[in-house]
Every structure is written in structure tokens, then in C-alpha cells.
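Thanks for coming. I will go through one model today, starting with empty space and then turning to helix packing.

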Amino acid sequence: MAQYPGSDSERRIMPDVLIEVVEAIFRGCGMGSRDAHLLAAALVNADQRGIHSHGTLRVPEYVRKLTEEGVDPRGRPTIVRDNGNAIIVDGGNAMGQIVADFAMRTCIRRAARSGIAIVAARNSNHCGAMDRWAALALEHDMIGIAATNALPTMAPWGGVEKIVGINPLAAAFPAGEEEPIVLDTAFGATAHGKIRVYHQKGERIPEGWAFDRDGRPTTDTAAALSGLIQPIGGHKGVGLAIVTGMLSTLLSGASYGTELGNMVAGPRPGRDGHVFIAIDVAAFQPVGAFKARVDSIARQIRQSRRRDGVDALYPPGLMEAEFMRRYAVEGIPLNEETIAGLRAAAMQMKVAFPDLA
């Protein structure tokens with residue numbers, strides 16, 4: 001769920017303006033226009049949905065990946081094994097968003113023929129917020145599922161060595177009158193990028209998010225960034241992270257766990273793996289009846305009794321949809337450090353940056 005501390009230093013940027021600037025930055029890195037736009041739109045979409053840990057905060061990091069760290073700005077994903085509705089995609093060492101878009105759209109096309117399809121991807125890189133890829137299925141009246149591995153930031157339950165990623169999983173269910181139910185969750189109590197957002201703002205993180213390097217709970221962002229992310233649900237969260245990482249990598253032959261790299265030296269380019277599933281609702285149930293049941297589930301959640309002090313209950317995806325609508329009108333709030341990173345990346349790529357005064 002998208003929740004961050006407020007800040008008086010945040011400024012608002014309209015989504016179309018932000019996409020234009022970020023797209024130009026990525027073109028400066030050698031990406032073609034279509035891919036640069038796709039990547040920019042994916043990052044801005046995350047910001048607009050309130051998922052700032054996977055938004056334009058990442059632009060300086062991505063510029064380094066594309067210009068210094070071996071990710072191919074012109075990499076092209078291709079199908080390398082095709083069994084009809086079971087497909088392997090080689091990402092061509094492209095940015096993960098380029099691979100994810102290709103793989104999920106391939107998955108959707110195949111599911112339209114057979115009712116269900118799965119695409120496993122390898123030779124990819126960080127692909128951002130997973131809800132975007134699962135949600136591509138919604139306009140086709142399909143359920144979308146997307147998962148990926150991640151750099152190790154957690155330890156096995158009771159350990160202190162970073163060998164397990166938080167390995168996120170997203171699922172999207174089409175609705176009728178209600179917002180689609182869209183869950184995007186990693187199996188750590190938070191994402192590394194969210195801790196970075198708090199660190200930028202000078203705020204302490206909530207209790208239960210992180211351990212220091214010796215496995216002691218901490219709310220200090222510096223200790224958390226050098227330490228460990230806590231799993232959700234103790235040993236259950238670590239177990240879910242392990243099997244999601246396996247599903248994301250072993251089917252395609254991508255790298256798992258420490259094979260990806262580490263948080264000190266960084267990721268090894270082209271090692272990430274993802275998995276995408278599309279399920280055609282019409283192959284199982286009448287679409288209208290299915291959507292009506294999703295609507296019913298969403299309403300039941302929203303209308304159920306709340307604890308004292310709780311203003312509203314949110315089905316998965318509703319809060320993000322509300323952010324999306326608000327920020328389309330008000331502009332996306334970005335803190336000064338994120339803006340400074342964008343301005344520096346624009347300067348490096350000789351791109352004009354808008355006056356935000």
C-alpha cells in the first residue's frame with residue numbers, strides 16, 4: 001500500500017511534463033523513442049499511483065545502468081522457446097520494463113487463444129512496480145499475474161546473511177463498476193526503495209520494517225539500508241519470497257538469489273528473471289457474472305465495520321487508483337532529493353529541465 005511521510009519541500013509536477021523529461025533523459029542514454037517512452041511512462045505511472053519507491057526516484061540509477069553498468073539501451077526481447085501457451089522470452093539485456101511489457105503482452109495474446117498462458121523471462125533487469133504488468137490483462141477481461149526476483153535484502157528466518165530477495169508478486173482482477181482489485185506486494189515488510197524515500201526525507205522508518213546488520217530491529221534508515229529488510233509474517237514471508245523467486249527464475253533459467261549480485265556491488269546486468277501469467281476469464285466463467293462477483297467482494301471490504309480511528313477500508317488497488325486520479329489533476333508530489341536527481345540526470349544527458357519554482 002502506498003504510504004509515505006508528508007513533506008513541506010515536495011513539489012508538484014504534472015504527469016505529462018514528467019514523462020516528457022524522463023523520456024528525453026532515456027533517449028539521451030541511447031534508447032529508441034518507443035522504449036524511452038515506455039520506460040518513462042512506467043516510472044511516472046508508479047509515482048502517480050503513489051508507489052514512489054519504484055518511480056522517478058530510480059532515474060539516476062537507471063541512467064547509470066544504461067550508460068555505465070552494462071544494460072543494453074537497444075536490447076530487444078525475443079521468444080526463444082515456444083510451446084503455445086508456455087513460452088520463454090530472452091530479454092536481450094534490455095531494461096526490465098521493456099522485457100516485461102513484451103512478455104506480458106505476448107502472454108495475453110496466447111491466453112486469448114487457449115484460456116491461459118505463462119511466459120517466463122530471463123536475461124532481463126529491474127522491471128519496476130509489478131502491478132503495471134499484471135494490470136495489462138484487465139482491459140482484455142483477464143486476470144494478470146506478474147512476479148520477479150530481486151537483489152537479496154533479507155535473511156532466512158533467524159539468519160543475518162542477505163541471501164533472499166523480497167521477490168514481489170502482483171495480481172489483477174477485472175471488475176465491473178468497482179475499481180479492479182490489484183495487489184502488488186513483496187514479501188519483505190517494505191521495499192529497499194521505500195527506505196530510501198524515508199532516508200531522503202530525513203524521517204525514521206516504521207517499526208517492523210528492518211533489522212540492522214546484526215539482526216536487531218531498527219527504525220534508523222542508515223542502519224536499515226546497511227542491514228536487512230524484515231520479512232512479512234516471519235518465517236512465512238521468507239518462505240513465500242523463496243518460492244516466488246524460484247518461480248520467477250528457474251522456469252526461464254534466470255539467476256536466483258545471490259547469483260543476481262548484491263546491494264554493495266550492485267546487480268549483474270542481464271541476470272533478472274520474471275514470470276507472467278494471463279487467465280482469460282471467459283474460458284472459465286461468464287465475464288459479466290465474474291466482474292459482478294469482484295464488485296461484490298470490493299464492496300464488502302469497503303462497507304465492512306472499521307476499527308476506531310480508521311476512516312476507510314481499501315480493497316487492494318483502490319488507494320492507488322485514487323492517487324492516480326488526484327495526481328492527474330494536482331500533479332505528482334516529488335521531494336527535493338528526487339527532483340535534484342532528475343535535474344542532475346537531465347543535465348548529464350543535456351536535456352532541458354522545467355522550472356518548478
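The lining of the largest cavity comprises five nonpolar, three polar and one charged residues. This is a predicted model, so please keep that in mind throughout. The residues around that cavity are Ala42, Leu43, His54, Gln97, Cys127, Gly128, Ala129, Arg132 and Trp133. Two elements, helix 2 (33-48) and helix 5 (131-135), each give two or more residues to this lining. The volume of the largest cavity is about 40 Å³. How many cavities of 30 Å³ or more does the structure hold? The count is one.

Next, the open space. The second largest pocket has a volume of about 290 Å³. Its lining has 17 residues, and those nearest the centre are Arg49, Asp131, Arg132, Ala135 and Leu138. Helix 2, helix 4 (96-114) and helix 5 each supply two or more of the lining residues. Which of the elements gives the largest share? That is helix 5, with four residues. By class, the pocket lining has eight nonpolar, two polar and seven charged residues. Arg132 appears in the lining of the largest cavity and also among the residues nearest the centre of the second largest pocket.

Now the packing. Two packed helices are described by the angle between their axes and the distance between those axes. I have two pairs to show.

Helix 2, which we met at the cavity, also packs on helix 10 (residues 318-330), with axes that come within 8 Å and cross at roughly 105°. Helix 2 and helix 10 are therefore roughly perpendicular to each other. On the helix 2 side the contact uses Asn45, Asp47 and Gln48, and on the helix 10 side Glu320, Phe323, Met324, Tyr327 and Ala328. Sorted by class, that contact has four nonpolar, two polar and two charged residues.

The other pair is helix 1 (residues 15-28) and helix 11 (residues 336-348). Their axes come within 9 Å, at a crossing angle of roughly 45°. Why call this pair oblique? An angle of 35 to 65 degrees is neither roughly parallel nor roughly perpendicular, so helix 1 and helix 11 count as oblique to each other. The crossing of helix 1 with helix 11 is left-handed. Leu18, Val22 and Ile25 of helix 1 make the contact with Leu342, Ala345 and Ala346 of helix 11. In this contact there are six nonpolar residues, no polar ones and no charged ones.

That is the end of the slides.

Methods:
Residues numbered from 1 in each chain as written. Predicted model: local features only at pLDDT ≥ 70, side-chain atom pairs only at ≥ 80, totals over all residues. Heavy atoms only, no water. Axes fitted to C-alpha atoms, helices over the stretch in contact; angles between N-to-C directions. Parallel < 35°, antiparallel > 145°, perpendicular 65-115°, else oblique. Left-handed = near helix turned anticlockwise from the far one by under 90°. Contact = heavy atoms within 4.5 Å. Nonpolar A, V, L, I, M, F, W, Y, C, P; charged D, E, K, R; others polar. 1 Å grid on protein atoms, 1.4 Å probe; cavity = no way out; pocket = protein on both sides within 12 Å on 5 of 7 lines; lining within 4 Å. Points joined across faces, edges and corners; volume = space filled by probe spheres on them.
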